[in-house]
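Dear colleague,

I am passing on the structure that follows, together with notes on what was found in it. Please read the notes alongside the model.

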Amino acid sequence: MSRPTLGPVLKWAGGKSQLLPWILARLPEQIDTYYEPFVGGGAVFFALASRQRFKRAVLGDRNPNLVAVYEALQKEPKRVIQRLKRYQESHSEEAYYKVREREPSSLVEKAARVIYLNKTGFNGLYRVNRSGEFNVPFGRYVNPRIVNEPRLMAVHETLKGVQIVTKDFEEVCREAKKGDAVYLDPPYLPVSTTSSFAEYHAEPFGLSEHKRLAKVFAQLSRRGVCAVLSNSDTPDTRRLFDGHRLETVAARRSINSNHKRRGPVDEILVST
């Protein structure tokens, strides 16, 4: 496998590619089992994997469509690639909306649909309504790269032996122990009443969920687990994670339905 091809296969709101140096520096050089309960685009996982910094890994998310992408690439990457090539050949605005309306049943079809819509939808958004229906409009790209076969196959190789689950973050973290590491990248607390972007799942991730997350983080710390968490830099975040190491980092966000909200923003890294 050519390591330069390894990396996220999806564009994801809040992706961590640009913050990797800060995050990786706060995780152990050698990890027994690495847990990522909000896997999203998986930038941190792929960076750790490329550096061979863990023995085992558990990836989770409560978004079943996202989990289907990783499961399908783990089990049947060539079939996913074949389906994406057909999407590439027939791509148009009309075809996009037909695919968006479809709810496939097979794992391969689910995965290919998510990748296709992610690569061709407006601004790389993944957004669903309260019914769980994908509702991002067509993106007017001149020549979107729908199929990146070397990267998809590199991801397949990396996912061999990885445990992939559709579970709540608390359940994913339950078995973590000393020698393991956990990276938590939840839907962020909003910095204002109009800036929240947590619509990657039909069920909201609000303040009560962040409070539960803070309790899980504290439990990980007490068990001697190395844990790192990303979030928006807000008074609520600082209050919830008071007592842990808090650092402000600047990130540039390019995925937002409102172009005025794209650009440099302060985020916070919390570590045990």
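Which residues does leucine 159 touch, not counting residues up to four places away in sequence? Leucine 159 touches Phe45, Leu59, Tyr70, Leu73, Gln74 and Ile164, where contact means heavy atoms within 4.5 Å.

This is a predicted model, in which local features need pLDDT of at least 70 and side-chain atom pairs count only at pLDDT 80 or more, while totals for chains, interfaces and linings use all residues. Residues are numbered from 1 along each chain as its sequence is written, and side-chain values use heavy atoms, with hydrogens and water left out.

The largest nonpolar core (buried Ala, Val, Leu, Ile, Met, Phe, Trp, Tyr and Cys residues joined through side-chain atoms within 4.5 Å; buried means under 20% relative accessible area with a 1.4 Å probe, protein chains only) has 62 residues, and Leu159 is among those that touch the most other members, as are Leu27 and Tyr116. Helix H6 (residues 107-120) gives this core its largest share, seven residues. A second, separate core of 24 residues includes Phe38, Val58, Leu213 and Val270.

Helices and strands are DSSP runs (H or I, at least four residues; E, at least two), numbered from the N terminus. Strand S4 (residues 181-184) is covered on both faces, with Ala181 and Tyr183 buried on one side and Val182 and Leu184 on the other. S4 pairs (at least two DSSP bridges) in the parallel sense with strand S1 (residues 31-36) over two bridges, and tyrosine 35 has valine 182 as its bridge partner in S4. Strand S5 (residues 226-232) runs parallel to S4 and is joined to S4 by four bridges.

Best regards

Conventions
Buried < 20%, exposed > 50% of the residue type's maximum accessible area, 1.4 Å probe, protein only.
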